[in-house]
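Work through the exercises below with the sequence and the model open beside you. Try each task before reading its solution.

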Amino acid sequence: MNILSYIIWNVDPRIIPGLEYFRWYGLFWALGIVSAYQVMLTFYKKEGLLQADLDRLTTYLIIGILVGARLGHILFYDPVYYWENPMEILPFRINPSFEFTGLAGLASHGGVLGAFLALFLYIKKYKISLLWALDRLAIAASLLGSFIRFGNLMNSEIIGVQSSVPWAFVFTRVDQVPRHPAQLYEALFYFLIFILLLFFKRSEVAQNHKGLLFGAGFTLIFVQRFLVEFFKEDQVAFEAGLILNMGQLLSIPLIIIGTIIFSRSLMRPSETDAEYDTSTLN
């Protein structure tokens with residue numbers, strides 16, 4: 001097998017060699033958050049809402065996503081290890097000396113749950129419409145997801161299974177095996193969902209049915225996640241004995257929830273955006 005006939009991927013995860021704390025993954029996370037924020041800001045300005053309200057919502061969501069993604073990784077993928085090594089939960093270690101390690105291990109399903117909890121706390125405090133917020137956040141979240149997966153690609157992580165397709169990547173920092181670029185698949189799918197939702201938002205049916213955009217986006221995101229998992233290597237050892245891996249098992253109930261929300265929104269009598277309860281945002 002001539003690996004030179006495939007795409008050789010040997011990107012240093014550090015943007016500047018020798019500078020450990022400035023990495024492509026963190027940069028793509030930051031770019032994703034800024035881009036998603038700009039999308040939401042466009043919606044807020046178009047609907048005559050205050051940027052300060054969006055800033056508060058963004059703060060809630062960033063904290064919820066990061067905490068949820070970290071705890072999700074711990075609970076879903078390696079609870080025994082972290083039970084035995086609780087200090088590893090933190091983004092630093094102090095033994096034998098202080099070292100900043102970052103959040104080594106984030107689970108997207110946990111991030112979703114954390115975002116929902118943060119959003120629930122926000123709407124409870126500021127009394128806004130849940131579906132109004134979810135319809136718009138579904139669009140921004142799809143764009144954020146695309147950036148995060150590009151960050152995974154730069155990190156040579158979440159690699160795909162062995163493959164001989166012409167576009168296979170050889171992640172030389174992992175091994176010399178050509179593999180499906182599963183991170184790239186997901187990044188492109190997320191971006192496609194973002195574009196579809198953005199155009200769908202302009203349609204009359206989306207404007208007249210609260211929750212429709214969210215239901216569609218939520219379903220599409222986790223359908224693609226379920227499917228792309230077939231092209232990924234197992235993330236942890238215990239998945240080897242499962243018919244479906246953990247990512248797929250966690251995606252199934254979310255697909256069902258998204259489908260139910262989409263169906264119920266479509267069957268609900270029409271109501272325009274003007275009827276959304278956004279008055280308390282101003």
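## Exercise 1: Two charged residues in one helix

Arg 56 has a relative accessible area of 31% and is therefore partly exposed; buried stands for under 20%, exposed for over 50%, and partly exposed for values in between, with a 1.4 Å probe and protein chains only. The model is a predicted one, in which local features need pLDDT of at least 70, side-chain atom pairs count only at pLDDT 80 or more, and totals for chains, interfaces and linings use all residues. Residues are numbered from 1 along each chain as its sequence is written, and side-chain values use heavy atoms, with hydrogens and water left out.

Task: find which residue forms a salt bridge with Arg 56, and where the two lie.

Step 1. The side chain of Arg 56 meets that of Asp 53 in a salt bridge, at 2.2 Å from N to O. A salt bridge is defined as a side-chain nitrogen of Lys or Arg within 4 Å of a carboxyl oxygen of Asp or Glu.

Step 2. Both residues belong to helix H2, and three residues, about one turn of the helix, separate them. Helices (H or I, at least four residues) and strands (E, at least two) are DSSP runs, numbered from the N terminus.

Step 3. Asp 53 has a relative accessible area of 4%, so Asp 53 is buried.

## Exercise 2: Other salt bridges

Task: state how many salt bridges a search of the whole structure finds, and describe the one between Glu 47 and Arg 136.

Step 1. The search of the whole structure gives nine salt bridges.

Step 2. In the bridge between Glu 47 and Arg 136, the closest N and O atoms are 2.8 Å apart. Glu 47 is in the loop between helix H1 (24-46) and helix H2 (51-77), while Arg 136 is in helix H5 (residues 130-154), so this pair ties together parts that are 89 residues apart in sequence.

Step 3. Arg 136 is buried, at a relative accessible area of 3%, whereas Glu 47 is partly exposed, at 29%.

Task: name the residues linked with Arg 225 in a network of salt bridges.

Step 1. The network links Arg 149, Glu 186, Arg 225, Glu 229 and Lys 232.

Step 2. Arg 225 forms a salt bridge with Glu 229, and their closest N and O atoms are 2.5 Å apart.

Step 3. Arg 225 counts as buried at 6% relative accessibility, and Glu 229 counts as buried at 5%.

## Exercise 3: Aromatic rings

Task: classify the aromatic pair of Tyr 185 and Phe 231, and explain why the pair ties together parts of the chain.

Step 1. A search of the whole structure finds 15 aromatic pairs. Rings of Phe, Tyr and Trp (its six-membered ring) pair if their centres lie within 6.5 Å; planes under 30 degrees apart are stacked, over 60 edge-to-face, and the rest tilted.

Step 2. Tyr 185 and Phe 231 are 5.8 Å apart from centre to centre, with 85° between the planes, and form an edge-to-face pair. Tyr 185 lies in helix H6 (residues 182-200) and Phe 231 in the loop between helix H8 (212-228) and helix H9 (246-267), so the pair ties together parts that are 46 residues apart in sequence.

Step 3. Tyr 185 counts as buried at 16% relative accessibility, while Phe 231 counts as partly exposed at 35%.

Step 4. Ring pairs also link Phe 116, Phe 214, Phe 218 and Phe 222 into a cluster.

## Exercise 4: The sheet

Task: give the strand order of the open sheet and name its edge strands.

Step 1. The open sheet has three strands in the order S1-S4-S5, with mixed pairing. Two strands pair if DSSP finds at least two bridges between them.

Step 2. Strand S1 (7-9) and strand S5 (178-179) are the edge strands, each pairing on one side only.

Step 3. Strand S4 (residues 169-171) is joined to S5 by two bridges, and these strands run antiparallel. Phe 169 stands opposite Arg 179 in S5.

Step 4. Tyr 6 lies in the segment before S1. The C-alpha atoms of Tyr 6 and Phe 169 are separated by 6.1 Å, with the residues 163 apart along the chain. Tyr 6 is buried, with a relative accessible area of 16%.
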